[in-house]
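Below are my notes on the model you sent, set out as numbered points. They start with the charged contacts, go on to the strands and the chain as a whole, and end with the aromatic side chains.

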Amino acid sequence: TPKSRTYLIKNQDELDEFFSEFPEIDFENEMLIVYCYRTIYIRKQVLEKVALDGNALNVEFNVVKSKIGHADASAPQRRMLVVKLDKLDITKVNVTYNGQ
């Protein structure tokens with residue numbers, strides 16, 4: 001099983017494969033990136049960088065740092081990062097998780 005997977009969602013049928021309920025998306029003008037990954041931290045996610053490179057979109061994110069000595073690690077869990085953005089003519093998405 002891979003540690004992470006990235007999905008580019010450009011229509012309602014693709015969205016329905018992931019979520020039974022989701023806020024309305026205007027797929028004429030918008031799209032979603034869904035990044036599934038495993039982590040030991042369940043913290044707020046923060047986008048650090050989004051850059052277009054030809055037909056690829058590069059996305060970097062991290063999680064909010066905790067206070068020193070704050071024991072908030074757990075057994076690895078599956079998390080999702082969902083990014084809604086204007087529709088782009090891209091064929092590849094590279095997501096980098098800068099956290100642990």
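1. Salt bridge. In this predicted model the count of salt bridges comes to one. The partners are Lys84 and Glu30, whose side chains meet at 3.6 Å, taken from N to O. The contact links distant parts of the chain, since Lys84 belongs to strand β5 (residues 73-86) and Glu30 to strand β2 (residues 30-41), with their positions 54 residues apart in the sequence.

2. Surroundings of that pair. Are the two partners buried or exposed? Lys84 has a relative accessible area of 47% and is therefore partly exposed, given that the partly exposed class lies between 20% and 50%. Glu30, at a relative accessible area of 18%, is buried, because the cut-off for that class is under 20%.

3. Overall make-up. The secondary structure of the protein chain comes to one helix and six strands, and along the sequence these elements follow the pattern β-α-β-β-β-β-β. The C-alpha atoms fill a box of roughly 45 × 30 × 25 Å along the principal axes. Of the 100 residues, 30% count as buried, while the chain exposes about 6900 Å², of which carbon and sulfur atoms supply 47%. Among contacts between residues at least 6 apart in sequence, 72% join residues at least 24 apart.

4. The three-stranded sheet. One open sheet consists of three strands in the order β3-β4-β6, and its pairing is mixed. Its edge strands are β3 (45-53) and β6 (92-97), each of which pairs on one side only. On average, and with direction ignored, neighbouring strands of this sheet are turned by 20° against each other. As general background, strands of a sheet pair through backbone hydrogen bonds, in either a parallel or an antiparallel manner.

5. The β3 and β4 pairing. Which way do β3 and β4 run with respect to each other, and how many bridges join them? They run antiparallel, and eight bridges join β3 to strand β4, which covers residues 56-63. Within this pairing Leu47 stands opposite Phe61 in β4, and Lys49 stands opposite Glu60 in β4. The hairpin that these strands form has two residues between them, and in it Gly54 takes a positive phi near 65°.

6. The β4 and β6 pairing. On this side the strands run parallel, with six bridges joining β4 to β6, and Ala56 stands opposite Lys92 in β6. Why can β4 be described as largely enclosed by the rest of the structure? Six of the eight residues of β4 are buried, and so the description applies to this strand.

7. Aromatic pairs. The structure holds eight aromatic pairs. One of them joins Phe18 and Phe19, with 6.2 Å from centre to centre and 35° between the planes, and this pair is tilted. Phe18 is partly exposed, with a relative accessible area of 28%, whereas Phe19 is buried, with a relative accessible area of 17%. Because the planes of Tyr37 and Tyr97 stand at 50°, that pair is also classed as tilted, and its ring centres are 4.9 Å apart. The tyrosine pair links distant parts of the chain, with Tyr37 in strand β2 and Tyr97 in strand β6, 60 residues apart. Tyr37 counts as buried at 2% relative accessibility, and Tyr97 is likewise buried, with a relative accessible area of 16%.

8. Aromatic cluster. Phe18 and Phe19 belong to one aromatic cluster, which they form together with Tyr7 and Phe22.

9. A proline in a strand. Pro76 lies in strand β5 and has a relative accessible area of 60%, so this residue is exposed, the cut-off for that class being over 50%. Which residues does Pro76 contact once its neighbours within four places in sequence are left aside? The contacts are with Thr39 and Ile40. The C-alpha atoms of Pro76 and Phe19 are separated by 22 Å, the two residues being 57 residues apart along the chain.

Terms used
Residues numbered from 1 in each chain as written. Predicted model: local features only at pLDDT ≥ 70, side-chain atom pairs only at ≥ 80, totals over all residues. Heavy atoms only, no water. Salt bridge = Lys/Arg side-chain N within 4 Å of Asp/Glu carboxyl O. Helix = DSSP H or I, 4+ residues; strand = E, 2+ residues; numbered from the N terminus. Buried < 20%, exposed > 50% of the residue type's maximum accessible area, 1.4 Å probe, protein only. Pairing = 2+ DSSP bridges. Axes fitted to C-alpha atoms, helices over the stretch in contact; angles between N-to-C directions. Contact = heavy atoms within 4.5 Å. Areas by Shrake-Rupley, 256 points an atom, 1.4 Å probe, with all protein chains shown as cover. Phe/Tyr/Trp six-rings, centres within 6.5 Å; stacked < 30°, edge-to-face > 60°.
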